[in-house]
Structure formats: structure tokens, C-alpha cells
Amino acid sequence: DEWTKEDIDFDYLLKVVPKTFLLESELKKQVNTYAQTFTYDDMDTIDRSLFLLGYGERKALKTPKEVIINELIELAKRYSDEWAPKLLNGIMHKIIE
């Protein structure tokens, strides 16, 4: 698939992406609190990116918890390994209030 400018939600990107950089250390502490067998730094880059995206979206746009988790699970199914959806679901439920 080729992407065009019309396919990209620039408004979303401008609101969420800058927020993710500011929130990474906060998210890292949260993940490390709830993860039992690994740390945030041990995670696959894709999984860390998905956590950051979801956490940033929640903080920047106040997207409902269920919507964020559902989106992350679908992205993980498509782009990560077979365990990622369960990992994201379990930890994000604890992190997002």
C-alpha cells in the first residue's frame, strides 16, 4: 500500500507524538511497576512504541481507556509477536486509570 497525505491524520500526530517524548520516563516507571518478568528497556521496540502511543494519546486527547486498549491490541496483532496483545492489554489496564 502507498500512503498519501490524505491517509495521515496530521492533527492527531501533532497532538500526540510530542507528548510521548515528554511521558516516556513516566510510562517507563509505570511499566516497570507492573511487569513481573522484564523491564521497559527489555521490551521489543514495537511494543514500547505501542505503549508510548497509547499512553500519549490518553494523556493528550483523553481517549477512553477501552478505545486505546482495543487499538493497541489490534496494532500488536498486526505488527508484533503473538504475546504482545496480551502484554499490552494486561499492563495498559493497570496503567490507565
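1. A friendly place to start is K28: with a relative accessibility of 28%, this lysine counts as partly exposed. K28 sits in helix α1. Once residues up to four places away in sequence are set aside, K28 touches Y40 and D41. As a distance check, K28 and K86 are 58 residues apart in sequence, and their C-alpha atoms are 18 Å apart in space.

2. A word on confidence before going further. This is a predicted model, and the average pLDDT over the chain is 92. A score of at least 70 is reached by 99% of the residues. Confidence is lowest in α1, where the mean is 93, and highest in α3, where the mean is 96. As a general caution, predicted coordinates should not be read in detail where pLDDT is low.

3. Helix α1 deserves a look of its own. The helix covers residues 10-34 and has a kink of about 55°, centred on L23. L23 is also one of the buried residues of α1, together with V16, T20, L27 and V31. What do these buried residues pack against? Their partners are α2, residues 45-61, and α4, residues 84-95.

4. The spacing of that buried set fits a simple rule. An α-helix has 3.6 residues a turn, so residues three or four places apart point the same way. You can follow the pattern on the structure by stepping from V16 to T20, L23, L27 and V31, which are buried in α1.

5. Among the residues just named, T20 may catch your eye. Is T20 buried or exposed? T20 counts as buried because its relative accessible area is 10%, and buried means under 20%. This threonine belongs to helix α1. Leaving out neighbours within four places in sequence, T20 is in contact with L52, L53 and G56.

6. Now to the pockets, which I suspect you will want to see. The largest pocket holds about 390 Å³ of space. Its lining is made up of 16 residues, and those nearest the centre are W3, Y12, L13, L53 and L75. L53 thus appears both here and among the contacts of T20. Which helices contribute to the lining? Each of α1, α2 and α3 (65-79) supplies at least two residues. By class, the lining of the largest pocket has 11 nonpolar residues, four charged and one polar.

7. The second largest pocket has a volume of about 290 Å³. It is lined by 15 residues, with F38, W83, K86, L87 and I91 closest to the centre. Helix α4 gives the most to this lining, contributing five residues. The class make-up is eight nonpolar, four charged and three polar residues. K86, one of the residues closest to the centre, is also the lysine whose distance to K28 was given above.

8. Ahead of the first helix, I8 lies in the segment before α1. I8 is partly exposed, and its relative accessible area is 31%. Apart from neighbours within four places in sequence, I8 is in contact with W3 and L13. Both W3 and L13 are listed among the residues nearest the centre of the largest pocket, which makes I8 a handy landmark when you look for that site.

9. The loop between α2 and α3 holds a pair worth inspecting. K62 lies in this loop and has a positive phi of about 60°, although it is not a glycine. K62 counts as exposed because its relative accessibility is 61%, with exposed meaning over 50%. T63 lies in the loop between α2 and α3 as well, but T63 is buried, with a relative accessible area of 11%. Not counting residues up to four places away in sequence, T63 touches E57, R58 and I68.

10. Last comes S80, in the loop between α3 and α4. Which residues does S80 touch, not counting those up to four places away in sequence? The contacts are I46, D47 and L75. L75 is also one of the residues nearest the centre of the largest pocket. S80 and Y34 are 46 residues apart in sequence, and 20 Å separates them in space, C-alpha to C-alpha.

Notes: Residues numbered from 1 in each chain as written. Predicted model: local features only at pLDDT ≥ 70, side-chain atom pairs only at ≥ 80, totals over all residues. Heavy atoms only, no water. Bend = angle between axes of the 7 residues up to and from the residue. Helix = DSSP H or I, 4+ residues; strand = E, 2+ residues; numbered from the N terminus. Buried < 20%, exposed > 50% of the residue type's maximum accessible area, 1.4 Å probe, protein only. Contact = heavy atoms within 4.5 Å. 1 Å grid on protein atoms, 1.4 Å probe; cavity = no way out; pocket = protein on both sides within 12 Å on 5 of 7 lines; lining within 4 Å. Points joined across faces, edges and corners; volume = space filled by probe spheres on them. Nonpolar A, V, L, I, M, F, W, Y, C, P; charged D, E, K, R; others polar. pLDDT = per-residue confidence, 0-100.
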